[in-house]
Amino acid sequence: MSDAANRDPLRRTAVVVGVSLAVAALATWFTPELVAWFAPDLFGPHKPGGPGGPPIPDLFVQLKLFVSTYNLVVLGFLAATYAMLYRELPNRFTLSLLLFTAALLLYALTSNPLASLFLGFRGSGLGPFTFLPDLFAAVAVTFLTYQSSA
């Protein structure tokens, strides 16, 4: 991004949110086809969502996939921002911001339904509680992005 875009926190936050929403939407839209294409033997002869296939098309799991992918992308931007900040101001506070973001990044990575799916675990059927924690984390990450851009 240019220096002008980095100086305007609202603009930078809007760009990060826009890119993150686009990546999350694409990941959610294409996941069933990509899983069937790249790992057909993971689920046997069934296509995701078909009879005997994985629970990806379930609405709550799709929402969790969307929100956790959004968090993953936003946290990637935050980690890059905090890494640059730590290079400029190497102190305990900026290091703690970087470590906090790394922990949230790992949370977003492991809470993504694709991670558990590829590791052989299936959906738990928790209904809306499948994605609500990620939704709250998404709100927190969005505000953290705005604050770190200011």
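Contact here means heavy atoms within 4.5 Å. Keep that in mind as you click around. The model is predicted, so local features need pLDDT of at least 70 and side-chain atom pairs count only at pLDDT 80 or more, while totals for chains, interfaces and linings use all residues. Residues are numbered from 1 along each chain as its sequence is written, and side-chain values use heavy atoms, with hydrogens and water left out.

**Stop 1: D134**

Select D134, in helix 6; helices here are DSSP runs of H or I with at least four residues, strands are E runs of at least two, and both are numbered from the N terminus. D134 is buried, at 0% relative accessible area. (Buried is under 20% relative accessible area, exposed is over 50%, and partly exposed is in between, with a 1.4 Å probe and protein chains only.) Skipping residues up to four places away in sequence, D134 touches K64, V67, S68, N71, Y107 and S111.

Now add K64, which forms a salt bridge with D134, the closest N and O atoms being 2.4 Å apart. A salt bridge needs a side-chain nitrogen of Lys or Arg within 4 Å of a carboxyl oxygen of Asp or Glu. K64 sits in helix 3 (residues 59–88) and D134 in helix 6 (residues 132–149), so the pair ties together parts that are 70 residues apart in sequence. K64 is buried too, like D134. How many salt bridges does the structure hold? Just 1.

**Stop 2: A140**

Stay in helix 6 and pick A140. A140 counts as partly exposed, at 45% relative accessibility. Draw a distance from its C-alpha to that of N71: you should get 9.6 Å, for two residues 69 apart along the chain.

**Stop 3: the nonpolar core**

Next, show V16, A24, V67, Y70, V74, L75, L78, Y82, L97, A108, A138 and V141 together: these 12 residues make up the largest nonpolar core. Such a core is a set of buried Ala, Val, Leu, Ile, Met, Phe, Trp, Tyr and Cys residues joined through side-chain atoms within 4.5 Å. Helix 2 (9–38), helix 3, helix 4 (92–111) and helix 6 each give two or more residues to this core. Which helix gives the largest share? Helix 3, with 6 residues.

Zoom in on L78, which touches T101, V141, L144, T145 and S148, not counting residues up to four places away in sequence.

**Stop 4: S20**

Over in helix 2, select S20. S20 is buried, with a relative accessible area of 0%. A polar atom of the S20 side chain lies 2.7 Å from the backbone oxygen of V16. Leaving aside neighbours within four places in sequence, S20 is in contact with Y70, V73, V74 and F77.

**Stop 5: helix 4**

Finish with helix 4, whose 20 residues reach 28 Å from first C-alpha to last, close to the 28 Å expected at 1.5 Å a residue. (That expected span is 1.5 Å times one less than the number of residues.) Colour its buried residues: T94, L97, T101, A108 and S111. Look down the axis of helix 4 and these buried residues fall within an arc of 115°, so they line one face of the helix; the arc is taken from the directions from the helix axis to the C-beta atoms. Helix 3, helix 5 (113–118) and helix 6 are among what covers them. Turn to the face away from the buried side and you'll find the exposed residues R92, L99, L106 and T110.

Technical notes. A polar contact is a pair of N or O atoms within 3.5 Å; within protein, one must be able to donate a hydrogen and the other to accept it, and residues adjacent in sequence count only if both atoms are side-chain atoms.
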